[in-house]
Amino acid sequence: MLITTVVAVAISIAAGASIRAWAFAIFAFLVAIGFGSVAFANGSSVIAAILSGFAILVLMEIGYLAGVFVSGLLRRSARLRQNNSVADSVATTSERQQG
């Protein structure tokens with residue numbers, strides 16, 4: 001059960017960097033239903049199965065948001081690095097022309 005949770009969170013973090021929120025919401029909802037169904041089939045009560053499915057859904061959503069946040073930071077830092085390198089080369093070229 002713990003391994004399944006870790007895998008689901010890892011997939012959620014990776015999905016945060018690559019897919020849209022609505023697509024992930026559908027995927028996470030289906031995984032949560034499946035997770036709850038497996039818990040129910042293993043002998044848990046209905047309430048425990050629902051809570052188990054809800055818990056995995058919450059963990060997946062947190063993982064997705066973390067993935068979105070980290071990918072946004074990486075994209076922003078790459079964009080800033082690219083803009084700074086262009087600005088540096090322009091300044092160096094204009095200094096050479098004046099000198």
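**Exercise 1. Contacts of A8**

Which residues does A8 touch, not counting residues up to four places away in sequence?

*Solution.* Bear in mind that this is a predicted model. Start at A8 and pass over residues up to four places away in sequence; A8 then touches I56 and M60.

**Exercise 2. The overall fold**

Work out how many helices and strands the protein has, and in what pattern they follow one another.

*Solution.* Begin with the count: there are 3 helices and 0 strands. Reading along the sequence then gives the pattern α-α-α. Next, look at burial: of the 99 residues, 20% are buried. For the contacts, take those with a separation of 6 or more; residues 24 or more positions apart account for 76% of them. Finish with the surface, where about 7100 Å² is accessible and carbon and sulfur atoms hold 70% of that area.

**Exercise 3. The largest nonpolar core**

List the members of the largest nonpolar core, and find the helix that gives the most to this core.

*Solution.* The largest nonpolar core has 9 residues, namely A8, A15, F24, A28, A32, F35, I56, M60 and Y64. Now assign them to elements: helix 1 (2–16), helix 2 (21–41) and helix 3 each give two or more residues to this core. Helix 2 comes out ahead, giving 4 residues.

**Exercise 4. The two faces of helix 2**

Describe the length of helix 2, then sort out its buried and exposed residues.

*Solution.* Take the length to begin with. Helix 2 has 21 residues and spans 30 Å from its first C-alpha to its last, close to the 30 Å expected at 1.5 Å a residue. Then pick out the buried residues of helix 2: F24, A28, A32, F35, G36 and A39. These lie on the same side of helix 2, because the arc they cover around the axis is only 100°. Turn to the face pointing away from that buried side, and you meet the exposed residues W22, L30, V38 and A41. Beyond the helix comes G43, which has a positive phi near 105°.

**Exercise 5. Two residues of helix 3**

Decide whether A49 and S52 are buried or exposed, and find their contacts outside the local sequence.

*Solution.* Take A49 to start with, a residue of helix 3. Its relative accessibility is 7%, so A49 counts as buried. Leaving out residues up to four places away, A49 touches G36, A39, F40 and S44. Its C-alpha is 6.8 Å from that of S37, a residue 12 positions apart from A49 along the chain.

Now move to S52, which is also placed in helix 3 (residues 46–98). S52 has 13% relative accessibility and therefore counts as buried. Apart from neighbours within four places, S52 is in contact with M1, F35 and A39.

**Exercise 6. The aromatic cluster**

Find the aromatic pairs, and say why each is tilted or stacked.

*Solution.* There are 2 aromatic pairs to classify. In one, the ring centres of F24 and F27 are 6.1 Å apart with the planes at 50°, so this pair is tilted. F24 and F27 are 3 residues apart in helix 2, which means about one helical turn separates them. F24 is buried at 1% relative accessible area, whereas F27 is partly exposed at 34%.

The other pair joins F24 to Y64, with 4.5 Å centre to centre and 10° between the planes; planes under 30 degrees apart count as stacked, so this pair is stacked. Since F24 lies in helix 2 and Y64 in helix 3, the pair ties together parts 40 residues apart in sequence. Y64 is buried too, with a relative accessible area of 8%. Put together, F24, F27 and Y64 form one aromatic cluster.

Terms used
Residues are numbered from 1 along each chain as its sequence is written. This is a predicted model: local features need pLDDT of at least 70, side-chain atom pairs count only at pLDDT 80 or more; totals for chains, interfaces and linings use all residues. Side-chain values use heavy atoms; hydrogens and water are left out. Buried means under 20% relative accessible area, exposed over 50%, partly exposed in between (1.4 Å probe, protein chains only). Contact means heavy atoms within 4.5 Å. Accessible areas come from the Shrake-Rupley method with a 1.4 Å probe; for residues, only the protein chains shown count as cover. A nonpolar core is a set of buried Ala, Val, Leu, Ile, Met, Phe, Trp, Tyr and Cys residues joined through side-chain atoms within 4.5 Å. The expected span of a helix is 1.5 Å times one less than its number of residues. The arc is that of the directions from the helix axis to the C-beta atoms. Rings of Phe, Tyr and Trp (its six-membered ring) pair if their centres lie within 6.5 Å; planes under 30 degrees apart count as stacked, over 60 as edge-to-face and the rest as tilted.
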